[in-house]
Amino acid sequence: MEVVAGIILFTTFFLLLIFGAPIAIAIILSSVITFLAALPFDVAILTSAQRMVTGIDNFTMLAIPLFVLSGIIMNNGGIAFRLVNFAKLLVGKLPGSLAHTNVVGNMLFGAIAGSSVASAAAMGRIMTPMQTAKGYKRTYSAAVNIASAPTGLIIPPSSVLIVYSLVSGGTSVAALFMAGYIPGILWGIAVMIVAYFMAKKENYPVSNLPSLRDALYIVWSAIPSLLLIVIVIGGIVGGIFTATEGAAVAVLYSVLLSMIYKGLKIKDIPSIFKETIEITGMILFLITASALFSLVMSYMGLPEAISKSLLSITDNQIGIILIMLLIMILVGTFMDITPAVLIFTPIFLPVATSFGMDPVHFGMIVCFALCIGNMTPPVGSALFVGCSVANVKIEEVIKTLLPYFAAVIVVLILVAFIPQLSLFLPNLFGL
């Protein structure tokens, strides 16, 4: 029965994708068709509808629209320029310093906005003209921006980690947030190492450091923006508020900060809410569809069957992890990260836990591997946005992106096989 159900489920799912159906629709239809093969019509339809409703009936789910709203307000509130100046202060003496500024800026702004697309757009618009004026190739500038933009999906607060928490059966959001720091920073460092050697080869210039007075002013002006991370993550980890309450605090703080910076205008509010509703609606529709998908797989016994199949290939833990990494990297190239997390977590998590892997560690592996797809065709959102703001063609950037892709893969392997890279901070804070 498991084999037949698996064939029906995945065949209909991929056929619908091939024929151009939206991912959420493909998930729902393939799930319902599989249910109809095993249950009476009325039971299958009623069960599917109930699961789709209960799939998003969760208090933690409120954190997603609130974090999305906070990120959009920050993106419109004049935050990016202050973070760029702060980043330039940190890495201004490195060869190709503007590229390193872009990377650090993406890590900081991405952590605040929680979006690789917002980071790639904001940093690209600021950094590309500056780099072009200093003689940097546009393909180099675009590649650095694209390769570092996904760090904002790993470094908290991140809605992707919240989605993983929900679909994995309630893995601690606070633990996942703390687990994201070291892998996310290592991703950024890997990009900076590649950018450093490319800059040395092209003899790109080093920025002049500001005076002590200007440096102090830059730090002072960036502190309020950086405090958002401290307040939200500190409050969640310290048990002062939940992830959802932390997201509400983030919205309030971002509104106040944007008003102080005079970057938020009354006329912008309708468009901010409209963008928030569109993004949230898309995410929640994917989550409710994937909740049905997970129920079908669980009812048909597919996770256990897939687990047995993988273990039958090899009982070597290293081999199994490498197989899962390869599958997730390939999936990430053609599927957006949210539905990929929702679909593949229930499949691979039982396999990972069967040989003792911590769910927090596995969550970092899943999110990290799937985030790589943000910088690759055919659906890499950071790739498309980064090329657009730099005004370069995708095919021109791909060759320059390859060394960054290789460096990030190396970091992924380190994260996968050195659990303490993910678990050190959660364990340190007793999470």
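# A walk through a predicted helical model

N203 sits in the loop between α12 and α13. The model is a predicted one, and this loop is a convenient place to enter it. The phi of N203 is positive, about 60°, although N203 is not a glycine. Most residues other than glycine have a negative phi. N203 is exposed, because its relative accessible area of 66% is over the 50% cut-off.

A second asparagine can be described in similar terms. N391 is located in the loop between α20 and α21 (394-417). N391 has a phi near 60°, a positive value in a residue other than glycine. With a relative accessible area of 64%, N391 is exposed.

Back in the loop between α12 (181-202) and α13, the residue to look at next is Y204, whose partner Y140 lies in helix α8 (residues 138-148). A search of the whole structure finds seven aromatic pairs. In the pair of Y140 and Y204, the ring centres are 4.9 Å apart and the planes meet at 50°, so the pair is tilted. Because one ring belongs to α8 and the other to the loop, the pair ties together parts that are 64 residues apart in sequence. Y140 and Y204 are both buried. Together with Y136, they form one aromatic cluster.

Another aromatic pair is formed by W187 and F368; it is tilted, with 4.8 Å centre to centre and 45° between the planes. W187 lies in helix α12 and F368 in helix α19, so this pair ties together parts that are 181 residues apart in sequence. W187 and F368 are buried as well.

The helix that carries Y140 is mostly covered: ten of the eleven residues of α8 are buried. The buried residues of α8 include polar ones by name, among them T139, S141, N145 and S148, as well as A142, A143, V144, I146 and A147.

Following the chain past the loop leads to α13 (residues 212-237). The 26 residues of α13 should span 38 Å at 1.5 Å a residue, and the end C-alpha atoms are 35 Å apart, which agrees. The helix is nevertheless bent: α13 turns by about 40° at I223, and a proline, P224, follows within four residues. Just after α13 comes G239, with a positive phi of about 80°.

Helix α17 (residues 317-334) can be checked in the same manner. α17 has 18 residues and reaches 27 Å from its first C-alpha to its last, close to the 26 Å expected at 1.5 Å a residue. Its N-terminal end is capped by N316, which places a side-chain oxygen 2.9 Å from the backbone nitrogen of I318. The buried residues of α17 are G319, I320, I321, M324, L325, M328, I329, V331, G332 and T333.

Several residues met so far belong to the core. The largest nonpolar core has 151 residues, and those that touch the most other members are Y140, W187, M328, F362, F368, L401 and Y404. Helix α18 (residues 337-354) supplies the largest share of this core, eleven residues. A second, separate core has five residues, including A120, A121, A382 and V385.

What is in contact with F362, leaving aside its neighbours within four places in sequence? The contacts are Y164, M324, F348, L349, A352 and M357. F362 itself is placed in helix α19. With a relative accessibility of 1%, F362 counts as buried, because buried means under 20%. The C-alpha atoms of F362 and S168 are separated by 10.0 Å, although the two residues are 194 residues apart along the chain.

The last stop is T376, in the loop between α19 (359-371) and α20 (381-390). Is T376 buried or exposed? T376 counts as buried, at 9% relative accessibility. A polar atom of the T376 side chain lies 3.3 Å from the backbone oxygen of G373. Leaving aside neighbours within four places in sequence, T376 is in contact with T333, L383 and F405. Of these contacts, T333 has already appeared among the buried residues of α17.

Definitions and conventions:
Residues are numbered from 1 along each chain as its sequence is written. This is a predicted model: local features need pLDDT of at least 70, side-chain atom pairs count only at pLDDT 80 or more; totals for chains, interfaces and linings use all residues. Side-chain values use heavy atoms; hydrogens and water are left out. A nonpolar core is a set of buried Ala, Val, Leu, Ile, Met, Phe, Trp, Tyr and Cys residues joined through side-chain atoms within 4.5 Å. Buried means under 20% relative accessible area, exposed over 50%, partly exposed in between (1.4 Å probe, protein chains only). Helices (H or I, at least four residues) and strands (E, at least two) are DSSP runs, numbered from the N terminus. Contact means heavy atoms within 4.5 Å. The expected span of a helix is 1.5 Å times one less than its number of residues. The bend at a residue is the angle between axes fitted to the seven residues ending there and the seven starting there. A polar contact is a pair of N or O atoms within 3.5 Å; within protein, one must be able to donate a hydrogen and the other to accept it, and residues adjacent in sequence count only if both atoms are side-chain atoms. Rings of Phe, Tyr and Trp (its six-membered ring) pair if their centres lie within 6.5 Å; planes under 30 degrees apart count as stacked, over 60 as edge-to-face and the rest as tilted.
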